[in-house]
Amino acid sequence: VQLQASGGGLVQAGGSLRLSCAASGRTFSRYSMGWFRQTPGKEREFVAVISGSSRTTYYKDSVKGRFTISRDNVKNTAYLQMNSLKPEDTAVYYCAQSGTSSRLYSEYDYWGQGTLVTVSS
């Protein structure tokens, strides 16, 4: 399985970015896709997850109403639309794949390489 995250960059506070995660190697629609983020010296934290069918989504409280997770099972790609970005959203963002729609880092068995999001004030 390979996960390729992209779409990070530098944006001003209040701006938007859309992250993408292209997957290959197993049947994409059977697995939940999650986004996590990490800053130096801190543990990787859950951001959002979407089930294989897209029926279920969960979000970290601080991103609710600003971030939207989605997926395209034809393109084998998951997305994270990030609006109203804040400096505290600055982190390396990772996509990951799991058999469950979990908020737990340990439940994910494949990870992308990460993409850096920097939000300037």
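Is Ser51 buried or exposed in this structure? With a relative accessible area of 9%, Ser51 counts as buried, and the close-up views below, drawn from a predicted model, begin with this residue.

**View 1. Ser51 and its contacts in the loop between β5 and β6.** Ser51 sits in the loop that joins strand β5 to strand β6, and because its relative accessible area is 9%, under the 20% cut-off, Ser51 is classed as buried. When neighbours within four places in sequence are left aside, the residues in contact with Ser51 are Tyr31, Ser32, Thr56, Arg71 and Ser101.

**View 2. Ser54, a residue with positive phi in the loop between β5 (45–50) and β6 (57–59).** Although Ser54 is not a glycine, its phi is positive, at about 75 degrees. The residue belongs to the loop between β5 and β6, and its relative accessibility of 33% makes Ser54 partly exposed.

**View 3. Asn76, a residue with positive phi in the loop between β7 (67–72) and β8.** Asn76 is not a glycine either, yet it has a positive phi of about 55 degrees. Its place is in the loop that leads from β7 to β8, where Asn76, with a relative accessible area of 26%, is partly exposed.

**View 4. Strand β3 with its partners β1 and β8.** Strand β3, which spans residues 17–24, pairs with strand β1, residues 2–6, in the antiparallel sense over five bridges, and within this pairing Gln2 stands opposite Ser24 of β3. Strand β3 also pairs with strand β8, residues 77–82, again in the antiparallel sense and over six bridges; here Ala22 has Thr77 in β8 as its bridge partner.

**View 5. The largest nonpolar core, with 26 residues.** The residues with the most contacts inside this core are Trp35, Val47, Phe67, Leu80, Met82 and Tyr93. Two or more residues come from each of β1, β3, β4 (32–38), β5, β7, β8, β9 (91–98) and β11 (115–120), and the largest share, four residues, is given by β3. In soluble globular proteins, nonpolar side chains tend to be buried together.

**View 6. Val47 and its contacts, with a second core apart from the largest one.** Leaving aside neighbours within four places in sequence, Val47 is in contact with Trp35, Phe36, Arg37, Tyr58, Tyr59, Lys60, Val63, Phe67, Leu80 and Tyr93. Apart from the largest core lies another core, of five residues, which include Phe36, Phe46, Ala96 and Tyr108.

Notes:
Residues numbered from 1 in each chain as written. Predicted model: local features only at pLDDT ≥ 70, side-chain atom pairs only at ≥ 80, totals over all residues. Heavy atoms only, no water. Pairing = 2+ DSSP bridges. Buried < 20%, exposed > 50% of the residue type's maximum accessible area, 1.4 Å probe, protein only. Contact = heavy atoms within 4.5 Å. Core = buried A, V, L, I, M, F, W, Y, C linked by side-chain atoms within 4.5 Å.
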